Amino acid sequence: MNAPPSQFGRIAKEYEKGRRAYDFNAMEYVCALIRKASNKDHPLVLDLGCGTGISTRQLYQNRIQVVGCDKDEKMIDVARKHDSSIVYTVGDSQDLRFCKDYFDAVTAFGAFHWFTDVESIVNIQHVTKRRGIFAVINKNDTGDFRQIFDESLNDAIGFVPRHAKLNYNPVKSLRERLFADVKEATFDGFEMYDLDEVLMLCQSLNAWNSVPEGKRRKVLDELRKNFSARLRSEFYTRTIETVVVSGVNNKR
Ligand SMILES: C[S@@+](CC[C@H](N)C(=O)[O-])C[C@H]1O[C@@H](n2cnc3c(N)ncnc32)[C@H](O)[C@@H]1O
């Protein structure tokens with residue numbers, strides 16, 4: 001059984017309010033990898049699955065020339081409102097309309113688990129220069145955030161949506177598709193949320209789309225109760241690791 005398709009546009013407002021920037025050191029690491037491989041100070045990068053542009057803006061602030069691309073028009077609309085100097089386009093990894101070798105690198109922040117299919121990876125390789133980097137970045141929970149979310153849903157409505165990252169193994173995906181020098185780097189960190197913010201984070205998960213409209217109030221009450229019990233000085237601390245998996249495009 002596959003995870004339900006991503007429908008982030010339906011929760012774009014919550015996404016905008018609930019999601020946080022990527023770890024500073026992980027971002028520096030990604031930019032350094034791309035600069036080194038391309039031998040350019042300002043490489044041209046496709047940020048695929050860019051959503052509301054959180055990662056795209058961070059790349060831009062790191063002096064990367066970046067194009068943000070997402071299949072969901074509503075996410076792109078929000079991204080465009082932030083910074084008109086960044087180019088955003090609506091596009092699907094399965095139908096990438098860029099010229100061969102157009103980009104020095106491609107990044108996928110919190111997104112690759114939605115498009116690990118062969119067609120998407122072949123398209124990514126097609127638009128990336130030979131020896132260019134494909135970098136896949138994911139935040140993984142190392143604390144109890146997801147457990148509280150799942151248990152709250154289970155207690156409120158007797159149902160836990162399937163995790164999109166179940167069976168997700170980006171190292172394996174990149175090796176299988178013949179990327180070279182596939183490696184993984186991990187950066188530990190944490191994010192602080194007050195109660196309203198952590199409830200917004202919960203509603204920004206794609207899994208929230210699986211909660212029937214009529215039961216959302218009940219689920220929110222359960223989430224509020226369970227996260228309230230975990231607050232310290234009015235804040236919930238979400239511990240995470242940011243994992244960067246990178247590979248070098250080895251195509252001929
Ligand atoms: C969790 S969001 C990550 C957004 C952003 N990179 C961030 O870190 O905040 C995943 C994004 O991937 C997009 N997405 C999913 N499948 C896609 C595909 N096949 N092609 C392009 N974008 C896709 C979704 O629309 C969604 O905006």
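Where is the place of N39? In this predicted model, N39 sits in the loop between α2 and β1 (44-48). Its phi is near 60 degrees, a positive value in a residue other than glycine. Most residues other than glycine have a negative phi. N39 has 9 C-beta neighbours inside 10 Å and therefore counts as exposed. D181 makes a good companion case, with a phi near 50 degrees that is likewise positive in a residue other than glycine. Here the setting is a strand, β6 (residues 180-193). With 13 C-beta neighbours inside 10 Å, D181 counts as partly exposed.

We can now step back to the overall fold. The chain is built from nine helices and seven strands. Its radius of gyration is 18 Å, close to the 18 Å that the globule rule gives for 252 residues, so the chain is as compact as a globular protein of that length. Along the principal axes, the C-alpha atoms fill a box of roughly 55 × 40 × 35 Å. Buried residues make up 43% of the 252 in the chain. Among contacts with a separation of 6 or more, 78% link residues 24 or more positions apart.

The interior comes next. In soluble globular proteins, nonpolar side chains tend to be buried together. In this chain, the largest nonpolar core has 65 residues, and V30, I34, V45, V106 and A135 are those with the most contacts inside it. Helix α2 (residues 24-38) supplies the largest share of this core, seven residues. V30 shows how such contacts reach along the sequence: leaving aside neighbours within four places, V30 is in contact with T107, A135, I137 and V244.

Helix α4 (residues 73-82) offers a clear example of a two-sided element. Its buried residues are M75, I76, V78 and A79. Viewed down the axis of α4, these residues fall within an arc of 160 degrees, so they line one face of the helix. E73 and K81, on the other side of α4, are exposed. The packing partners of the buried residues of α4 are the helices α1 (12-18) and α3 (54-61), together with the strands β2 (65-70) and β3 (87-90).

Finally, the ligand. A shell of 21 residues surrounds the ligand, and the closest are G49, G51, D72, S93 and W114. Sorted by class, this shell holds nine nonpolar, seven polar and five charged residues.

Note on methods. Residues are numbered from 1 along each chain as its sequence is written. This is a predicted model: local features need pLDDT of at least 70, side-chain atom pairs count only at pLDDT 80 or more; totals for chains, interfaces and linings use all residues. Helices (H or I, at least four residues) and strands (E, at least two) are DSSP runs, numbered from the N terminus. The radius of gyration is taken over C-alpha atoms; the globule rule is 2.2 Å times the number of residues to the power 0.38. A residue is buried if 20 or more other C-beta atoms lie within 10 Å of its own, exposed if 12 or fewer, and partly exposed in between; C-beta atoms are placed from the backbone. Two residues are in contact if their C-beta atoms, placed from the backbone, lie within 7 Å. A nonpolar core is a set of buried Ala, Val, Leu, Ile, Met, Phe, Trp, Tyr and Cys residues joined through C-beta atoms within 7 Å. A residue is near a molecule or strand if its C-beta atom, placed from the backbone, lies within 6 Å of it. Ala, Val, Leu, Ile, Met, Phe, Trp, Tyr, Cys and Pro count as nonpolar, Asp, Glu, Lys and Arg as charged, and the others, Gly among them, as polar. The arc is that of the directions from the helix axis to the C-beta atoms.
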